[in-house]
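I opened the coordinates and kept notes as I went. The entries follow in the order I looked things up.

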Amino acid sequence: MTGDASLDNGSPLIVGAGPAGCMAAIMLGRARAMPTLIDRDENVGDALCGGFLSWRSAEQLRAIGVELAELGAHRVNRLALYAGKTQATADLPATGFGLSRHALDSKMRSLAVASGARLEIDRIRSLAPHVARGERQDWHSGSIFLAAGKHDVRGQARPRQAADPALGLRIRIPSHTDLSRLLDGKIELHLFDGGYAGIVLQEDGSANICLALRKSLLADAGGNPRTLLDRMAADHPHFAARLCFADADLPMDSIGAVPYGWIAQETSPGLFRLGDQAAVIPSLAGEGMSIALTSGAMAARHWQQAGAASAPDYQRAMAHAARRPVGIAKLIWQTAEDARFSAPLVRMASIAPWLTNMAMRASRITG
Ligand SMILES: Cc1cc2nc3c(=O)[nH]c(=O)nc-3n(C[C@H](O)[C@H](O)[C@H](O)COP(=O)(O)OP(=O)(O)OC[C@H]3O[C@@H](n4cnc5c(N)ncnc54)[C@H](O)[C@@H]3O)c2cc1C
């Protein structure tokens, strides 16, 4: 640690420049609140994610001037579900998009700066009331917006989960004509015993394969993700037909212990929890980024109306808005990852696509 900074005029400090933090920075910057946005990474990476933006996310982004089609995002109009040999499709309620996190986060970060936010690079090690302690320096502010996403910060860590937590894995298959033909216009969910894989095309034509799985499955595969994928492909022909385009040496990203279903019920004055630090919706719903954007906008509105003291009211309002979508997504996820129920679930979806449509609508956040 090399220094100490107090922000002027009680201006807000935002920790994390993902979708939640950038949304708050854009709103607060446009309101001339002179926010400071801190991220640990100078170069925008490509966060582990399914790379699917729901129609709700698209609406929220359009409202702040981000047109996903202009970023080259792949249009997605159908959901395809697979369990073993069983399959079903349903139309999405409105157009969603496939876009890499690199493309989205780069756009959001530059818009935050253009809106008046000051971007600083520092890794925040811990949080205490009114201070974020970074590797570079301590940052003092009466209003801290915690938007560190998947990564907990000491002093405000989310509770640890059950014995067999969910972990995320991701591979990106370079553009291939035959694979693009299979995936065109669709978001695919392949259900396995103990998890699922989501597959969607990205803006550069690559296919993003993102899995959320119980940790024990990886342990059973000797800790080798590729062995795990090959085992899944052996039992699931539709998944195998996609995985065969992935060279064995493709790099794989991973993230551990995702606290699906957790919602922050309270906070202290001056600390606003955003995005995954506010509510973690099971990722098969494809609504995490919409929750992040909603929380960023909602927290900024509360701050503008009543300042730092409004944090507890904001957190309660956010918890209320997240309860239904997170609850429904958790129920679907728990059913879908159980081998006894996944095939009947997909069969039911093929008979009654309107049910799938209803579930997709019910797992969206409003607010
Ligand atoms: C397997 C999986 C698949 C998913 N698929 C989808 C999907 O297809 N669609 C969807 O809508 N959602 C999906 N999600 C959820 C989505 O990724 C998250 O809900 C969303 O990224 C949350 O945004 P955020 O801004 O809160 O955090 P993040 O996107 O995690 O961003 C956090 C930011 O904070 C920075 N940061 C972290 N720690 C620090 C620190 N200590 N100091 C400074 N900066 C820090 C990071 O560099 C990053 O820029 C998925 C999640 C998982 C686990």
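**Entry 1: G116**

I started with the contacts of G116. Leaving aside neighbours within four places in sequence, G116 is in contact with G29, M34 and P35. I am working on a predicted model. Where does G116 lie? I found G116 in the loop between α3 (101–114) and β7 (118–121). I then checked whether G116 is buried, exposed or partly exposed. G116 has 42% relative accessibility, so it counts as partly exposed. I also took one long-range distance. The C-alpha atoms of G116 and I281 are 30 Å apart in space, with these positions 165 residues apart in sequence.

**Entry 2: M34, a contact of G116**

I followed the contact from G116 to M34. M34 sits in the loop between α1 and β3 (36–39). The phi angle of M34 caught my eye: it is near 50°, a positive value in a residue other than glycine. M34 has a relative accessible area of 46%, so I logged it as partly exposed.

**Entry 3: A257**

I noted a positive phi for A257 too, near 50°, and this residue is not glycine. A257 lies in a strand, β16 (residues 253–258). Its relative accessibility is 32%, so A257 counts as partly exposed.

**Entry 4: the chain as a whole**

I stepped back to the full chain. How many helices and strands does it have? I read 11 helices and 17 strands in the protein chain. Then I tested the overall packing. For 367 residues, a compact globule would have a radius of gyration near 21 Å. The protein chain has 20 Å, which agrees, so I noted the value as in line with a compact globule. Along the principal axes, the C-alpha atoms fill a box of roughly 60 × 40 × 35 Å.

Buried residues make up 56% of the 367 residues. I also looked at contacts with a separation of 6 or more: residues 24 or more positions apart account for 71% of them. The accessible surface of the chain comes to about 15300 Å². Carbon and sulfur atoms hold 52% of that surface.

**Entry 5: the ligand**

Next I turned to the ligand. How many residues surround it? I read 34, and the closest are D39, G50, F52, R101 and D276. The shell divides into 15 nonpolar, 10 polar and 9 charged residues.

I listed the secondary-structure elements behind the shell. α1 (19–30), β15 (207–214) and α8 (288–306) each supply at least two residues. α8 gives the most, with 3 residues.

I then went through polar distances to oxygen atoms of the ligand. For D39, an N or O atom in the side chain is 2.6 Å from a ligand oxygen. For P19, a polar backbone atom is 3.3 Å from a ligand oxygen. For G51, a backbone N or O atom lies 3.4 Å from a ligand oxygen. Taken alone, the ligand exposes 1000 Å², and the protein buries 94% of that.

**Entry 6: L274**

Where is L274 placed? I found L274 in the loop between β17 (271–273) and α8. L274 has a relative accessible area of 0%, so it is buried. Not counting residues up to four places away in sequence, L274 touches ten residues by my list: A20, G21, A24, F145, L146, A147, S295, G296, A299 and Y314. I took a distance to I26 as well. The two C-alpha atoms are separated by 14 Å, while the residues are 248 apart along the chain.

**Entry 7: S57**

I looked up S57 in helix α2 (residues 55–63). The relative accessible area of S57 is 1%, so this residue is buried. Beyond neighbours within four places in sequence, S57 is in contact with M289, S290 and L293.

**Entry 8: L127**

My last stop was L127, in strand β8 (residues 124–128). Is L127 buried or exposed? Its relative accessible area is 10%; buried means under 20%, so L127 is buried. Leaving aside neighbours within four places in sequence, L127 is in contact with A132, I144, L146, V153, R154, G155, Q156 and L271. For L127 and L271, I logged 9.7 Å from C-alpha to C-alpha, at 144 residues apart in sequence.

Key
Residues are numbered from 1 along each chain as its sequence is written. This is a predicted model: local features need pLDDT of at least 70, side-chain atom pairs count only at pLDDT 80 or more; totals for chains, interfaces and linings use all residues. Side-chain values use heavy atoms; hydrogens and water are left out. A residue is near a molecule or strand if one of its heavy atoms lies within 4 Å of it. A polar contact is a pair of N or O atoms within 3.5 Å; within protein, one must be able to donate a hydrogen and the other to accept it, and residues adjacent in sequence count only if both atoms are side-chain atoms. Accessible areas come from the Shrake-Rupley method with a 1.4 Å probe; for residues, only the protein chains shown count as cover. Helices (H or I, at least four residues) and strands (E, at least two) are DSSP runs, numbered from the N terminus. Ala, Val, Leu, Ile, Met, Phe, Trp, Tyr, Cys and Pro count as nonpolar, Asp, Glu, Lys and Arg as charged, and the others, Gly among them, as polar. Buried means under 20% relative accessible area, exposed over 50%, partly exposed in between (1.4 Å probe, protein chains only). Contact means heavy atoms within 4.5 Å. The radius of gyration is taken over C-alpha atoms; the globule rule is 2.2 Å times the number of residues to the power 0.38.
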